[in-house]
Amino acid sequence: MGLVLGIESSCDETAAALVDGDRRIIAQRIASQDDAHRPYGGVVPEIAARAHSERLTPLIAATLADAGLALRDVDAVAATAGPGLIGGVMVGLVTAKALAMAADKPLIAINHLEGHALSPRLADPTLRFPYLLLLVSGGHCQILRVDGVGRYRRLATTIDDALGEAFDKTAKILGLGFPGGPAVERIAATGDAAKLKLPRPLLGSAEPHFSFAGLKSAVLRAHDANIHAPADIAASFQQAAIDCVIDRTHRALADADGVMALVVAGGVAANRSVRAALEALAAQHGLPFVAPPLALCTDNAAMIAWAGIERLALPGFVPDPLDLAARPRWPL
Ligand code: KG4
Ligand code: ZN
């Protein structure tokens, strides 16, 4: 039923995976660059691109070796072709082109967002189209209606910061380190979410979009005022962010006729309070709630390989050309 080698290098994770048509992740390796970026408090594109170029090829060799396979055993090579930090995307895409050419395999260029959008189907064979997907990571904050492979409709996006970015900036303001989301969640658990009155941008708005810049600025002002404990600021921030997410998702669900499930993906889906609030919202709408395991929520190559499997199975599949350009911006 097909075996695809997937490659992901669009941000700060260098990853390779082998996935087959029976939803088996035969092998996967991920090299995180957290340590390289930590001193700067965020991802530095130039450092990321260099790290990908050093690590990717041996990582692919190791992934194939883990599975006891060679390049000739795969049916296609799939790689993220955008959107993302362009240097890293180019490393992954050029590598995939070279492997595809050398082994005479089809190349499949995957939109990173499509990888996230289809990843819940890798984890849950019962998940059927259409579904509503909340994609919340450090770089993306969108609500998508997923009608089928290659059939995505973006219903909402952020007009400023992504949700994970707001968590990361809050962590930076509070001096909690990088990456910030898990640290904010940890200290928020010990704080009082009702202590501060923080803004909830676009709450109740007729527009479908997200906004977190005003919330982040309010966190900065609250911190500078020096009267609140960091745990109370973190808890109040997290609650305000969740209120926004639930309000915006609720609004999108009202417009999403016939969806079979509410699905969340992306790094912020790891947050237990976010998950719990979304689960309650799904129940309120009489929908199943699907959240892939954390390893499939954060950036990984299994989701890219799986998107390749899904594309390969489409009637009339055509491989992508070897002169395909990497795209820093690529809306679904
Ligand atoms: O999907 P991901 O690994 O990479 C991107 O494509 O951005 O997401 C990383 C983002 C970061 O902003 C990180 O702070 C956030 O997800 N994150 C969390 C949690 N774990 C990761 N945010 C809130 N709570 C968490 N537990
Ligand atoms: Zn991502």
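Two strands count as paired when DSSP finds at least two bridges between them. With that in mind, good morning, and let me turn to the structure, which is a predicted model.

I begin in domain 2 with strand β6, residues 131-136, and strand β9, residues 262-265. These two run parallel to each other and are joined over four bridges. One such bridge links Leu133 to its partner in β9, Val263. Helix α9, residues 272-284, packs on the sheet there, where it touches β6, β9 and β10. The direction of α9 makes about 165° with that of β9.

The sheet itself is open and has five strands, in the order β8-β7-β6-β9-β10, with mixed pairing. Its edges are β8 and β10, the latter being residues 289-290, and each of them pairs on one side only. At the β8 side, β7 (residues 141-148) and β8 (residues 151-157) are antiparallel, with six bridges. Gly148 has Arg151 in β8 as its bridge partner. Two residues lie between the strands of this hairpin, and Gly150 adopts a positive phi near 80°.

I now move to the other sheet. Here too five strands form an open sheet with mixed pairing, and the order is β3-β2-β1-β4-β5. The edge positions belong to β3, residues 25-32, and β5, residues 107-111, each paired on one side only. On average, and ignoring direction, neighbouring strands in this sheet are turned by 20° against each other.

Within this sheet, β1 (residues 3-8) and β4 (residues 76-82) pair in the parallel sense over four bridges. Leu5 stands opposite Val77 of β4. Helix α2, residues 45-67, packs on the sheet and touches β1, β2 and β3, with its direction at about 25° to that of β2. Another helix, α3 (residues 86-103), lies across β1, β4 and β5 and runs at about 155° to β4.

Three backbone details deserve attention from anyone preparing this model for calculation. The peptide bond from Gly82 to Pro83 is cis, with omega near -15°, and Pro83 sits in the loop between β4 and α3. A second cis peptide bond runs from Phe178 to Pro179, with omega near -10°; Pro179 is placed in the loop between α5 and α6. Finally, Arg23, in the loop between β2 and β3, has a positive phi near 65° although it is not a glycine.

Next, the arrangement of the domains. The chain is divided into domain 1, made of 3-117 and 296-312, and domain 2, which is 129-291. Their centres, taken over C-alpha atoms, are separated by 27 Å. Contact between them involves 13 residues of domain 1 and 16 residues of domain 2.

Which helices supply the side of domain 1 that touches domain 2? Helices α1 (34-37), α4 and α11 (302-312) each supply at least two residues of it. Of these, α4 gives the most, with three residues. By class, that side of domain 1 has four nonpolar, five polar and four charged residues.

That brings me to ligand 1. Which residues come nearest to the ligand, of the 20 around it? They are Gly138, Gly164, Gly181, Gly267 and Thr298. Both domain 1 and domain 2 contribute at least three residues to the shell around ligand 1. Helices α5 (163-173) and α6 (180-188) each provide at least two residues of that shell. In terms of class, the shell holds six nonpolar, 10 polar and four charged residues.

I close with the annotations taken from UniProt, where the entry is unreviewed. The record gives "binding site" for His112, His116 and Asp299. These positions are spread over 188 residues of sequence, yet they cluster in space, with a largest C-alpha distance of 8.9 Å. His116 is found in helix α4, residues 112-123. The record also carries the annotation "domain: Gcp-like" for residues 25-306. In the model, the end C-alpha atoms of that span lie 9 Å apart, and the span is 49% helix and 17% strand.

Thank you for your attention.

Terms used: Residues are numbered from 1 along each chain as its sequence is written. Chains are lettered from A and ligands numbered from 1 in the order in which they are written. This is a predicted model: local features need pLDDT of at least 70, side-chain atom pairs count only at pLDDT 80 or more; totals for chains, interfaces and linings use all residues. A residue is near a molecule or strand if its C-beta atom, placed from the backbone, lies within 6 Å of it. Ala, Val, Leu, Ile, Met, Phe, Trp, Tyr, Cys and Pro count as nonpolar, Asp, Glu, Lys and Arg as charged, and the others, Gly among them, as polar. Domain bounds come from an automatic or database domain assignment. Axes are lines fitted to C-alpha atoms, for helices over the stretch in contact, and angles run from 0 to 180 degrees between N-to-C directions. Two residues are in contact if their C-beta atoms, placed from the backbone, lie within 7 Å. UniProt positions are given in the numbering used here, feature names are shortened, and annotations may be inferred rather than shown by experiment.
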